[in-house]
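Please walk through this structure with me, moving from the chain as a whole to two of its helices and then to its aromatic rings.

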Amino acid sequence: MSRSDCMFEDRLIAVLPNLFRFAFSLCRARDVAEDLVQITVMRALESQGSFDPETRIEPWSFRILRNAWIDMTRRNATRGPETDIDAAAEAVGEDGRRVTEARLMVDATEQALDMLPASQREVLILVCYEQMSYAETSEILGVQLGTVMSRLSRARIALADALGLE
């Protein structure tokens, strides 16, 4: 194994937590998110030759993950909705007013995120949660920079309205 292969693999391993967060935000199911990350890693390793080592690996790998999600969604279009059994066990929280209020706010935020159009939700997650630049988000999603900015603006406004924030 060459030194550049090791460096590529180290960079890919470092981005795995971010890939999982993005995958989970897309599918809302832990097992599906894990599958998406696994597919992404396999595709990234297969396509290693197309990666420019002078660039950041995050936008490149996030684009692979998003394309895998689109492929998976298309394949599963005929299936009914699936429920993550593991998430149901975590729904029972600790006692306490603060924990309950925090959980309610998280639930309300997740519901508000789910109500956003997919295009706005993806931009919001990439920029706000994954801290991607507008340019990187534009590259990942394959849209113009201005489109990223307008989708993000509309997503923030819709999210604030849904949560009753000013």
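What share of the contacts in the protein chain with a separation of 6 or more comes from residues 24 or more positions apart? Such residues account for 67% of these contacts, where contact means heavy atoms within 4.5 Å. The model is a predicted one, in which local features need pLDDT of at least 70 and side-chain atom pairs count only at pLDDT 80 or more, while totals for chains, interfaces and linings use all residues. Residues are numbered from 1 along each chain as its sequence is written, and side-chain values use heavy atoms, with hydrogens and water left out.

The protein chain has nine helices and zero strands, the helices and strands being DSSP runs numbered from the N terminus (H or I over at least four residues for a helix, E over at least two for a strand). Of its 166 residues, 34% count as buried; here buried means under 20% relative accessible area, exposed means over 50%, and partly exposed lies in between, with a 1.4 Å probe and protein chains only. The accessible surface of the protein chain comes to about 10500 Å², and 53% of that surface belongs to carbon and sulfur atoms, the areas being computed by the Shrake-Rupley method with a 1.4 Å probe.

Consider helix α9, which takes in residues 145–163. Its 19 residues should span 27 Å at 1.5 Å a residue, and its end C-alpha atoms are indeed 27 Å apart; the expected span is 1.5 Å times one less than the number of residues. The buried residues of α9 are V148, R151, L152, A155 and L159. Because these buried residues cover an arc of only 105° around the axis, they lie on the same side of α9, the arc being that of the directions from the helix axis to the C-beta atoms. Their cover includes α6 (97–115), α7 (118–129) and α8 (134–141). After α9 comes G164, with a positive phi near 70°.

Helix α6 also has 19 residues, and the distance from its first C-alpha to its last is 27 Å, close to the 27 Å expected at 1.5 Å a residue. Its buried residues are T109, A112 and L113, and because they cover an arc of only 100° around the axis, they sit on the same side of α6. These buried residues pack against α7 and α9, whereas the face turned away from the buried side carries the exposed residues R97, L104, Q111 and M115. In helix α7 one finds A118, which counts as partly exposed because its relative accessibility is 42%. The C-alpha atoms of A118 and L26 are separated by 8.7 Å, although the two residues are 92 residues apart along the chain.

How many aromatic pairs does a search of the whole structure find? The search finds five, counting rings of Phe, Tyr and Trp (its six-membered ring) whose centres lie within 6.5 Å, with planes under 30 degrees apart called stacked, over 60 edge-to-face and the rest tilted. One of them joins F22 and F62, a stacked pair at 5.2 Å centre to centre with 25° between the planes. This pair links distant parts of the chain, since F22 lies in helix α2 (residues 16–27) and F62 in helix α4 (residues 57–75), 40 residues apart. F22 counts as buried because its relative accessibility is 0%, and F62 is buried with a relative accessible area of 0%. The rings of F51 and W60 have their centres 5.0 Å apart and their planes at 50°, so this pair is tilted. F51 is buried at a relative accessible area of 8%, and W60 counts as buried at 16% relative accessibility. Ring pairs link F8, F51 and W60 into a cluster.
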